[in-house]
Amino acid sequence: MSDFGLKLENHYTRLPGEFYTLMPAEKVGVQPRLLHANPKAAALVGMDPAAFSNPAFTQVFSGHAPLDGFSPLAMVYSGHQFGVWAGQLGDGRALLIGQARAPDGALWDIQLKGAGETPYSRRADGRAVMRSSIREYLCSEAMAALGIPTTRALALVASNEQVYREIPEPGAVLTRLAPSHIRFGHFEHFFHAGRPEQVRLLADHVIEEYFPDLVGDHAGWFGEVVKRTAELIAGWQSVGFAHGVMNTDNMSILGLTLDYGPFGFMEAYDPGFICNHTDEQGRYAFDMQPAIAHWNLRALAYALSSLVAKDALITALDSYERHYRARYRALMCAKLGLMRDEPGDDMLIGNLLTLMAKARADYTLSFRNLSGEDIDWLHLFGDANPDAEAWLARYRVRTESEDLSGLDKVNPRYVLRNWVAETAIRAVEDRGDIATLDRIFRLVQAPFQTHDGDEAFAAPPPPELSDLEVSCSS
Ligand code: AMP
Ligand code: MG
């Protein structure tokens with residue numbers, strides 16, 4: 001029996017067959033090899049990490065064997081890509097291989113990414129390259145540790161086959177977990193096909209399992225989706241995370257960070273930061289993210305227009321900015337330890353960001369170093385910067401009677417800098433060095449503490465890794 005103690009439940013197949021295609025995984029590659037597995041993610045679904053050393057684990061989480069008691073499936077969805085209706089997309093390289101009822105009662109999707117072609121692969125190969133799988137594996141755990149809602153990563157398996165992108169690259173299969181992988185695009189798919197009854201079925205399915213307090217209240221549910229999305233984006237902005245491809249098919253109906261591609265944590269602060277090399281217009285630039293999420297919610301609202309009255313949709317959409325601002329302000333005040341609400345706080349925050357942008361100061365360290373020596377913080381703003389000195393003096397006065405002892409639990413020392421992800425990728429690809437991957441994995445899973453010997457990973461890139469380019473090709 002290969003179910004690793006999981007309590008499997010075919011939940012998605014309660015929906016009619018037009019929502020998915022039942023199919024086994026393709027068994028990509030030969031003799032897949034487990035590179036890393038995540039005990040924290042295993043715990044979420046009630047799996048004993050001892051299962052990692054069972055050869056059946058690698059078979060299952062590479063798609064070479066099924067989980068007993070579940071029929072794998074690929075989901076259909078559509079979406080708007082870069083602002084344009086793209087028509088049908090779907091799980092082109094993802095496969096739902098299980099849904100597990102966790103010990104705490106939560107339902108979790110177990111999904112393989114890169115396990116081969118599906119009817120939704122279009123002209124692509126259903127594969128994932130190692131480099132992007134490592135990036136997703138590390139980043140979903142980094143985000144979770146920062147307290148930002150996200151899909152999780154259970155396992156990283158080398159498929160032992162070449163995958164062809166611009167050049168041949170090693171392939172991988174990533175196992176990700178989420179309460180659900182349903183996207184805005186699932187709803188758009190049926191709405192734009194003129195199938196409002198399917199939209200209703202899907203909404204009721206989502207509400208019943210994931211929003212049980214809102215059963216029968218479609219308008220209230222949409223309002224909750226708006227709120228979760230606003231708060232998610234506020235979380236991204238507060239840690240300097242740029243997603244890179246905020247198409248509606250990459251937007252989670254549960255407000256999770258979903259589909260890690262050309263994402264980037266900002267290093268030198270630049271509000272217009274574009275992490276995706278292929279996003280020439282900068283549609284998904286860092287400072288565009290709050291507005292783009294609203295645009296995406298409007299596309300979702302349109303898809304729900306047969307279900308929820310127009311007035312209610314507009315009211316919910318209008319609440320987005322309020323939710324976003326409230327959460328963003330709370331997060332930024334927390335980063336600076338401004339717990340008492342005082343006039344001038346917004347200006348203090350705004351002035352800091354302006355200073356950071358001018359000096360292209362490191363985003364993460366500009367907050368983290370506030371709790372250290374003044375000299376280390378000032379150093380981020382150039383050799384002698386009177387504006388930074390003046391700001392710091394004002395900040396020290398403002399926070400004289402604040403308790404700043406908890407700041408190091410709010411401002412991370414480590415985020416998944418691009419160059420750090422690249423270090424893990426090169427270690428694995430060039431040297432089969434899993435120890436370095438493991439070190440970086442542990443560091444992003446515990447980003448607030450210091451990790452002896454890994455101080456360098458908290459710093460901006462060394463010169464030879466400062467010009468990395470990340471694109472959609474993955
Ligand atoms: P993404 O830009 O990764 O969010 O993907 C957009 C769409 O393209 C989704 O339907 C994906 O499933 C599909 N897709 C991306 N890469 C591949 C691939 N290598 N093989 C099959 N489908 C893919
Ligand atoms: Mg996607």
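Which residues coordinate the magnesium ion, ligand 2? Hi everyone, let's start there, and please keep in mind that this is a predicted model.

The magnesium ion is held by two residues: Asn-250, through its OD1 atom, and Asp-259, through an OD atom. The coordinating distances run from 2.0 to 2.1 Å. Are these two residues buried or exposed? Both Asn-250 and Asp-259 are buried.

Now let's move over to ligand 1. There are 17 residues around ligand 1, and among those that come nearest is Asn-250, the residue we just met at the magnesium ion. The others coming nearest are Gly-90, Gly-92, Arg-122 and Gly-126.

Let's look at some polar contacts. Asp-125 uses its side chain: a polar atom there lies 3.0 Å from a nitrogen atom of ligand 1. With Gly-126 we turn to the backbone, where an N or O atom is 2.7 Å from a nitrogen atom of the ligand. Arg-127 also takes part through a backbone N or O atom, this time at 3.2 Å from a ligand nitrogen. How much of ligand 1 does the protein bury? On its own, ligand 1 would expose 480 Å², and the protein buries 80% of that. And if you are looking for the largest pocket in the model, it is the space that ligand 1 takes up.

Last stop: the cysteines. As a reminder, a disulfide is a covalent bond between the sulfur atoms of two cysteines. How many disulfides does this structure hold? Zero. Two cysteines to find on your screens are Cys-275 and Cys-333. Cys-275 counts as buried because its relative accessible area is 9%, under the 20% cut-off. Cys-333 is buried too, with a relative accessibility of 6%.

Notes. Residues are numbered from 1 along each chain as its sequence is written. Chains are lettered from A and ligands numbered from 1 in the order in which they are written. This is a predicted model: local features need pLDDT of at least 70, side-chain atom pairs count only at pLDDT 80 or more; totals for chains, interfaces and linings use all residues. Side-chain values use heavy atoms; hydrogens and water are left out. Donors are N, O and S atoms within 2.8 Å of the metal (3.2 Å for Na, K and Ca); water is not among the atoms, so sites may look incomplete. Buried means under 20% relative accessible area, exposed over 50%, partly exposed in between (1.4 Å probe, protein chains only). A disulfide is a pair of cysteine sulfur atoms within 2.5 Å. A residue is near a molecule or strand if one of its heavy atoms lies within 4 Å of it. A polar contact is a pair of N or O atoms within 3.5 Å; within protein, one must be able to donate a hydrogen and the other to accept it, and residues adjacent in sequence count only if both atoms are side-chain atoms. Accessible areas come from the Shrake-Rupley method with a 1.4 Å probe; for residues, only the protein chains shown count as cover. On a 1 Å grid over the protein atoms alone, a cavity is a set of points where a 1.4 Å probe fits but cannot get out, and a pocket is an open set with protein on both sides within 12 Å along at least five of seven lines; lining residues have an atom within 4 Å of a point. A molecule sits in a cavity or pocket if more than half of its atoms lie within 2 Å of its grid points.
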